Structure formats: structure tokens, C-alpha cells
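Thank you all for coming; I would like to walk you slowly through one structure this morning. Please have a look at it on the screen before I start on the details.

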Number of protein chains: 2
Amino acid sequence: VILLTPGPLTTRRQTREAMLQDWGSRDPAFIELTAELRRRLTGLVHGEQSHTAVPLQGSGTFAVEAAINTLVGVEEKLLVLANGVYGERIAQIAGRLGRRVETLRWQECAPVDPARVRQALQLDPAISHVALVHCETTTGLINPLEAVAGVVAESQRHLILDAMSSFGAITIDLRQVSIAALLASANKCLEGTPGIAFAIVERQLLARSKGKSSSLSLDLYEQWRGFEANGQWRFTPPVQVVAAAVEALRILEQEGGPEARHRRYQDNMATLLAGMQRLGFAPYLDSRLQSPIIATFRIPEGWPWTFEAFYAALAARGYLIYPGKLTHVDTFRIGCIGAVEKSDFAQLLAAIEEILSRKT
Amino acid sequence: VILLTPGPLTTRRQTREAMLQDWGSRDPAFIELTAELRRRLTGLVHGEQSHTAVPLQGSGTFAVEAAINTLVGVEEKLLVLANGVYGERIAQIAGRLGRRVETLRWQECAPVDPARVRQALQLDPAISHVALVHCETTTGLINPLEAVAGVVAESQRHLILDAMSSFGAITIDLRQVSIAALLASANKCLEGTPGIAFAIVERQLLARSKGKSSSLSLDLYEQWRGFEANGQWRFTPPVQVVAAAVEALRILEQEGGPEARHRRYQDNMATLLAGMQRLGFAPYLDSRLQSPIIATFRIPEGWPWTFEAFYAALAARGYLIYPGKLTHVDTFRIGCIGAVEKSDFAQLLAAIEEILSRKT
């Protein structure tokens, strides 16, 4: 089975085989594995001088929540920039936690506009933090990180970046772009298995964040102090998932780092988009906004398939695609990330063509 | 390497091999796997009629926190019964979450006393929930679950049970014992791999718990509604860890269920205790309080080893033991759980004897 989803996705056998071992979570060998994980994570975004990597048990959402709870104080205020489900989720998390939060919204097909962000920050000095989703998996849209980060930095606010589905494949250089906290997970462009997420946080900011989180489990400060104190996770880590993540990071390096991975995903996406258009499926996004991560396709009017039947027909041929998540338009999504190549997409397109030929 | 710790612990190769596959987390095959997981979990404690299993990403502590946040309202009050680190942790979680909490404490070598619990509940009608740790991993002590549950039920309060290191090996029958929420994790007596925890909660109580949790991630009500709505996890599950947990539950059934596993662990513990006493190590606990999960041994006065050196010598021979966690006494711990048998303990004892003979 080939997973063409936003994750969990198709991983290399070598990565999964790293899970065949048992580890003592407080043993020196696992402490060294955790240290390698943290080193490689900060290294990937050139954050060695300024940032520290704090792995956390759970899904990516757990890391987003931990970042809001740990970094945004109750007397502070978060501005969320939202053009999809994941932006809205950040606002929802902050609201639940009782944090002051305001949301600037854009249509799902439109990128975040830095000029509007600048204006909002000028109008409301209470805003201390800004949250942005780098690649909105809702659509596959890539937001203008550098421009938004520039506006947030010049306004002297802290940027919290949900880089869940970009980290590892879209280059981020923390020496160039001002990001207070970057959140990611093991099972997207890193091509690890799910079960851990990461916060890569400015050390100075984190050091000032003691006692802010109302959660014992989702407290990035205490998690960080735990790692620094004895190299161990505070609470039982998913040892096999950690081993797979480290293996995946080694493989990423061998592949040539995020730049090489970006090229592979772009090849996948170009093959997919060209083929799908040939088969009559229009992409939802303007091509300038399209990330190489996942594509959203409009379901043609009068199409004789339900999504479920189309999904099942493709699944029977070994391809798992993804439903759409848009409110106003009927769509489905196909991911281009994971241990998949251009040739997989050529075969996928042949399978789609064959399926469609049976009903049209 | 054989892990003689409270977990993560030695698992069967077959369990780890269940992690060699990729799964689409929203695919029907994985939905069925999740349903099997939930069915088997409630079945293990005979909770089919009254309870529902809510798996959660993360470590066991995440499930404890989610239970407190979801079940104990801000206007309610939690009484924590503590005779070790894990009881204290529950109180700490509740305090962080801003819940009203009171702690009754016992010495680490003494079981929770139901009479004192009854008295406390009579004196303070504000107390709505009581939290108990079934087996305190701090020492290996087993608390009197049935008696405490009886007192809590007759006082019409809700019992929250941390069954982290007993679930799967010490029989709990929810038809006989009144437990509002039972918390456990995949990587202890179930012999799965770490990365998910479980709450097995009274359906009626959970149904009344909407909107109580201040956390989006750690909300058992929403997690439950998610499973009931479409069989899917709300947020990316650790698919391979889920597959390993289901495999581990199938193996547990084949072994003969919790009763058979209990016998195996008791054999392990009996072998360990007899051998260690022969080698001059006194157990910390009175034998009537000793669970078959983990044993704490006093470090003899004038012992020529540091724990680190002793640990390293045993690790070099393939055995990972565990440090002590007691405040007032120098101890170390050896776990009896996991895919280990009496013969492993015989070999461990021979290794310890050989190591000691070199320095005494």
C-alpha cells in the first residue's frame, strides 16, 4: 500500500526496521539516541546557536498546544493567522486554554497577507505572539513565511510557526528568519513514524517560560529542563518511534537534506498535477500558492463517482488518497510526501485513468 | 538486552514486527484495528456494559492528566491517596490544572488505609473524586483496590484509578469493583510498545463531561466522541504503536489472559526475591504488600558498589535494572514484567552473583 496522504505516510523499510529493538528509556544508549535526535532537529534549520529542540510525546497538535500553553502567558495575547483548518485549530487551542486570542482570517485559497498582519500588530499593542501555519494541509497552500516573519520581527512580537507539513522539505534557516518556536512532527516530511512531535524554541524565550503552562504533560519548559538535566525524557518516551525518527533523519541527510527532498517532492507534485489536469481534474489552488506537499483537486461537476467509491477503487489498487476538507467546494487531496517517487505517481495516474475508463 | 524496569520493557519479537507496516490512519483497515483495540481493552476488565475505552497518544501521564482535566470540574474537588511518586504526580497535575485538590499521604512502605479514606470523605462533602494508584511503581507496593473502591462507592464519590503498572496482569473486574475511570498504558503489563495510553471510563460519566477539559489534546470526552463518530482518532495516532498494542493484546489472550500473566510474573518475582535474599539483598517492602510487578531492594550498608557501577556491570551482561526512587533509603529496583520468564531471573541472579564475587 502506498499512502498519498498528509501523514502518517509511506516510510522506508529501513526506518520501520529501526523499531525492531527494545530500549531502556533511561539507559545511556537511549540517552545518546535522544541527544542525536535533538542535535539533528536543530541542525536541520540551522538553529544550533539560538534554539533548542524539545521533542514531545503525541501528535503534532500536542506540540502546538504545549507551545501555546508554555510560551503565551495569561496576561499576553495571541494573534492567529488562519486560512485553513490548522490555523483555526491553533485559535481553538488558545481559546480552550483561556488565553487571549484574536484571529485574522483569509479565504482557504488565499495566502496570509503580511500587510494586513502589520496593520493588526500596529493597531493592537497587546498582541505579544503571532501564530502562522507554514503549509496549510487543508489545501496544500504555502504561506509567505519570510515576509510574515519579517513583519512580526520588526513589530517585536514572537512568531510561533506550525511547520508540521513543511519541516524537512521546505528549507527554513533560523539564522535568517526570526521564529520564536517552530513546531513539527516525525511523520511528515521527515518520513519517520508517528508518535512524537517537536518544538524548536529560542533558548532565551524558553528560559523565561517557567511555570506558564497549566499542564504538566504539555510543558515545553519542564520537558526541556528534563532533557538538559540528565538527557532523559520526563515521562516514558515511545522508544521505537524515537529510534525510527533518528533513522529517518540520518536518511534525510544521506538524501542531501531538505533541498534534495524538496526537489523529489516537487518532481512528484509536477508529475501529479500535469497528469491530473490531463485527466480532467483542476487543482483548487493557484499554482503560485501550491506547495509540493499535498494537492487539492476539485471534483468535476456531474462526476459519476462518490469520493468513497473512488477511494475504494484506488485502495484496491494499492493507493490511499485523502478526502477534501474544504467547506464550500467538493474536493479530494493527494499527498506527494513520504518515501514515494515520480514513478509511483506515474503508476497512480495510470490506475486513476483505468478506473475512470470503467465509468465514463 | 533484557529490560528489568517498570517499562518500556522487553517485548516479544512478534509484537515489534507488527510495527513493520505502514497504515493510513483514516483507512477502513486502521479504523477496524482501532475498534479491536478498544474492544479488547474494555473486555480485559469486563467493562463492556458500563465503560468505554478511550486510547490517547502519549505516555501514561498524559492519560492521567486527560482524566483529571475531563472528569473533575473546576467547582469539584479531588482527593488524592498518595504513598509514592505517582500519587504525588496526580496531585501535582490537578494543582497545575487549577483544580481543588487535597492529598492524604502514607509512608512509601505503607498501603493506603481505607478507614482513613472513609473518614476524609465524611469530613469533606466537597470532595467529588478520589484518585488511587493501584500499584505504586515507586516501591512495587500494591494498594487495596477493592476496599478503597468500596469506601469511595458507598460515599458516592468517583474513583479514578491509575492502573498503569497493574492493568493486564492483576485482575480487575469492573462488574465487581466500582471504578469511574481506569488509566493504563500500552508498554507495561500489556507488553506493547510505548506511545499510547488508555482511559477506560464509565460511559454515563463521560457523557456528562463535555467542555470540562481546558485542553484540546487531552480531552477524553472529545477523543471518545471522535472514535464514536467515525472510528478515527481526532489527531494523528502512532499507527505502528497501535498495531503493536493490538498484537500484544492478542498474545495476552493466547497466554490465558491477566490470570495467566499474573502467574508468570509471580513466578518471576518469587525467583527474584528468593535469589536476592540469598545474595544478601533485603526487599524494601513487607511481603504482603509486594506486587509481582517490580521489587525494591535496600542497598546493604557498606556495599562496595555505586549504583552506576553495578548498573553498568549488569548492562554489560545484558540486563538493564532500575534506580531507586525513595527519599530516605538507598535502594534499586528490578522489574518482573515484560516478555521475561523465571529462567531469565535465574540467569540474572547468576550474573549478579558473579559480579559481586569480583568485589567482595
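Salt bridges are my starting point, and a search of the whole structure finds 46 of them over all chains. One of these is in chain A, where the side chains of Glu88(A) and Arg105(A) meet with N and O 2.7 Å apart. That pair links distant parts of the chain, since Glu88(A) sits in helix H4, residues 85-96, while Arg105(A) belongs to strand S4, residues 100-105, and the two are 17 residues apart.

Before going further I should say that what you see is a predicted model, and that the predictor gives the complex an ipTM of 0.98 and a pTM of 0.98. For chain A the average pLDDT is 97, with 99% of the residues scoring at least 70.

Let me now turn to the place where the chains meet. How many residues of chain B are in contact with chain A? There are 54 of them, and they touch 54 residues of chain A. The area buried between chain B and chain A comes to about 4,300 Å², and carbon and sulfur atoms give 59% of that. On the chain B side, the residues that lose the most area to chain A are Leu20(B), Arg96(B) and Leu216(B), which together make up 18% of what that side buries.

Arg96(B) deserves a second mention, because it also forms a salt bridge across to Asp219(A), with the closest N and O atoms 2.9 Å apart. Between chain B and chain A the count is four salt bridges, and across the same interface the rule finds 22 residue pairs in polar contact, with both residues at pLDDT 80 or more.

Which elements of chain B each supply at least two residues of the side that touches chain A? They are helix H1 (13-17), strand S2 (51-57), helix H3 (60-71), helix H4 (85-96) and helix H9 (239-255). The largest share comes from H4(B), with four residues. If we sort the residues of that side of chain B by character, they divide into 22 nonpolar, 20 polar and twelve charged.

The next topic is symmetry. A turn of 180 degrees, with a shift of 0.0 Å along the axis, lays chain B on chain A with an RMSD of 0.0 Å, and that is the relation of a two-fold axis. In chain B, the C-alpha nearest this axis is that of Gly58(B), at 2.3 Å from it. Furthermore, 100% of the interface residues of chain B are also interface residues in chain A, so the copies meet through the same surface.

I will finish with a few details of the backbone. In chain A the peptide bond from Gly7(A) to Pro8(A) is cis, with omega near 0 degrees, and Pro8(A) lies in the loop between strand S1 (2-3) and helix H1 (13-17). In chain B the bond from Gly7(B) to Pro8(B) is likewise cis, here with omega near -5 degrees, and Pro8(B) is found in the loop between strand S1 (2-3) and H1 of that chain. Finally, Gln156(A) has a positive phi of about 55 degrees although it is not a glycine, and you will find Gln156(A) in the loop between helix H6 (145-154) and strand S8 (158-162) of chain A.

Methods:
Residues are numbered from 1 along each chain as its sequence is written. Chains are lettered from A and ligands numbered from 1 in the order in which they are written. Side-chain values use heavy atoms; hydrogens and water are left out. Contact means heavy atoms within 4.5 Å. Buried area is the accessible area (1.4 Å probe) that two parts lose on being put together, summed over both. A polar contact is a pair of N or O atoms within 3.5 Å; within protein, one must be able to donate a hydrogen and the other to accept it, and residues adjacent in sequence count only if both atoms are side-chain atoms. Ala, Val, Leu, Ile, Met, Phe, Trp, Tyr, Cys and Pro count as nonpolar, Asp, Glu, Lys and Arg as charged, and the others, Gly among them, as polar. Copies are superposed by least squares on the C-alpha atoms of residues with pLDDT of at least 70 in both. pLDDT is the predictor's confidence in each residue, from 0 to 100.
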